[in-house]
Amino acid sequence: MTAESSTPFKEQRLKILRCPSLMYNYSGIPPFGLATITAMLTQHGYQIEQDDLDAKCAADELFPRHRWGKQFPAKDLMLDIQRVRRYWEGGDDPAVDDIIEEVLSYTELDDIDVVLLSCIEGDDAAAIMALCIGKHIRDTMNKMVILGGEAFPHMMPIKSELAYFYENGCFDYYIQGYGEVPLLNLFEALESDGVLDNVNGLVYFPEDGDSIENRPLFTRPEVIPDFDGLPMHLYYRFPDDWGNQATEDAGTEEILVLPVKLNFCCPMNCAFCISSGDAFTKVTWMKPDVVANAIKGLVEKYDTRYFMFADDLFNISRRFAEQMADAFIRHDLDIMWSDCAYLRNLDLPLLQKIRKSGAIRLVWGVESTSPKMQKLIGKGIKMDEAQQILKWSHQAGIYNSVEIIAGLPHETDEDIEHTIEFLHRNRPYIDQMYLNPFSLITGSRMEKMPEKYGITNVQPVATIFQRNPDEVYSWIQRYTFDEVDGLPWKSKIRQIEESYRRLHQVQLELNLGGHDLHFLFHRFNKFKHKHLVSDFQTSREHQGFDYFGRDGQRGHSPAKSVVSNRIN
Ligand code: SF4
């Protein structure tokens, strides 16, 4: 029952909405979280519908489909914090109402009793819009609003002023972490004794006391996503058909990429990564035959053979990887898939089997090849073995992407050059490099035990809601820190950017920008062999993502480069 209703939740109509992003480019991939929440609540007898306002706004070009680094009126409006504060506090603002009504015009809410709003992770402007949507729905439609989607604590601008947003009526309940189980528990608790202590991830505000924050849940139930109700026709995409580049091949067909998860949480403990935190210790996985059958059902239902496995690692263990690949082959799935993977305990026969099971691309975490950096982060890989696995993976016909981090604590020029030398030496086997500037991640081992990693004086950076004019506000950096016996923050932030620029230059020189996933699936489908995919474009520089360059800065990153003191 809602605050006003005594009708049991199972007799009410629920609707979960993905709110529009204002920062990230439209991915063209259905939202995994909505689909698993819908599956879970449906299994438990709730009447839930789902809709994707991000896809609908993109399809109709209400907001640009390629938004990275772009300013446009709706984003400018949301980033006018003083103005939206007046709106949240009850002031009239027809311009805000107009844009929210336009967004909501893409979905039907008349017969809905409870609206679940899913924010886009890490997109501050979109979080502001989600709060405006919540306020508008509560004020004008008198429905219960539950806000979530900011699953990871690192990317939660809303949480910095949760009590303020609650008091101003932007939502009834806020859930952090994964929402499937907490939503069930919340509905059950509200219908029974009203005691909310056991609703994981819920932050709530008892009338007579301070806010209470329950421990979030980062384990997902092992459910197969249910995409019914999403605007599936909007996800069939031509490679790059909404991008800056013309579609290279007139024979291209539209493809649909579906997200699925095979396992949950990561058994490794890389100190910089949120998965190393104590909230992510319980590793679970789907049974191979169950998941193979489910994928077969999705292939038939949606007429697609392209899957993005959204795992931390495909090979959480060698045994799991082998069993999953065997199941895909045994069930004759004939799919193509991409996933992340760990550079240990793999050999050529297993990688060939993984390729045969449909793997076309694996994303390998390397981060830095410097022995000093490897020791600091506790990645647990050995560079000789890593290099050999990349070669075998290449030999098996798998497209290799590697993740690199620029500016880890205590990184020196020598450490950076070590990684660059590795990239040069292994360029024949590496097809793409994802470059990430270091940031201290909430909940990671480094953030929980900074001194152990040579970091001290950790301070939260101003949020989007409370900018401090003396401080660099950054979408990437959520903390400042000093290196123990090393660089103070003002120098460290420069070092991170300089390291990034050096590695980015190498990414461009070695042509390691790579291809996007839709394009990879399309080329593998058409030409079967890796070299006909990876060699296809003469220049792939445009794919190299630049956080500190022109596009990375406008609107959500430092107003100025801390290195060059100018916008490129
Ligand atoms: S970086 Fe990758 S391998 Fe390491 S803990 Fe995170 S998800 Fe696991």
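The paragraphs below walk through a predicted model of one protein chain, from its overall make-up to its sheets and its aromatic rings. Local features are described where pLDDT is at least 70 and side-chain atom pairs where it is 80 or more, while totals for chains, interfaces and linings use all residues. Residues are numbered from 1 along each chain as its sequence is written, and side-chain values use heavy atoms, with hydrogens and water left out.

The chain contains 19 helices and 17 strands, these being DSSP runs numbered from the N terminus, with at least four residues of type H or I for a helix and at least two of type E for a strand. Of its 568 residues, 58% are buried, where buried stands for under 20% relative accessible area, exposed for over 50% and partly exposed for what lies in between, with a 1.4 Å probe and protein chains only. Among contacts (heavy atoms within 4.5 Å) between residues at least 6 apart in sequence, 76% join residues at least 24 apart.

One open sheet has 7 strands in the order S2-S1-S3-S4-S5-S6-S7, with mixed pairing; two strands are taken to pair if DSSP finds at least two bridges between them. Its edges are formed by strand S2 (47-52) and strand S7 (212-213), each of which pairs on one side only. Within this sheet, strand S5 (residues 173-175) and strand S6 (residues 202-204) run antiparallel and are joined by 2 bridges, and tyrosine 174 stands opposite valine 203 in S6. Helix H1 (residues 32-43) lies across strand S1 (13-18), S2 and strand S3 (114-118), and runs at about 170 degrees to S2; such angles, from 0 to 180 degrees, are taken between N-to-C directions of lines fitted to C-alpha atoms, for helices over the stretch in contact.

A further open sheet has 6 strands in the order S8-S11-S12-S13-S14-S15, with parallel pairing. Strand S8 (257-260) and strand S15 (432-437) stand at its edges with a single partner strand each, so one side of each is left without a neighbour in the sheet. From one strand to the next, the twist averages 20 degrees. Strand S13 (residues 359-367) pairs with strand S14 (residues 399-406) in the parallel sense over 6 bridges, and tryptophan 364 has valine 402 in S14 as its bridge partner. Helix H16 (residues 489-509) packs on this sheet, where it touches S14 and S15, and its direction makes about 170 degrees with that of S15.

The structure also holds 19 aromatic pairs, in which rings of Phe, Tyr and Trp (its six-membered ring) have centres within 6.5 Å, with planes under 30 degrees apart counted as stacked, over 60 as edge-to-face and the rest as tilted. The rings of phenylalanine 309 and tryptophan 337 have their centres 5.2 Å apart and their planes at 35 degrees, so this pair is tilted. The pair links distant parts of the chain, since phenylalanine 309 belongs to strand S11 (residues 306-309) and tryptophan 337 to strand S12 (residues 336-341), 28 residues apart. Phenylalanine 309 is buried, with a relative accessible area of 3%, and tryptophan 337 is buried with a value of 0%. Phenylalanine 314 and phenylalanine 320 form an edge-to-face pair, 6.4 Å centre to centre with 65 degrees between the planes, and both are buried. Ring pairs link Phe307, Phe309, Phe314, Phe320, Phe328 and Trp337 into a cluster.
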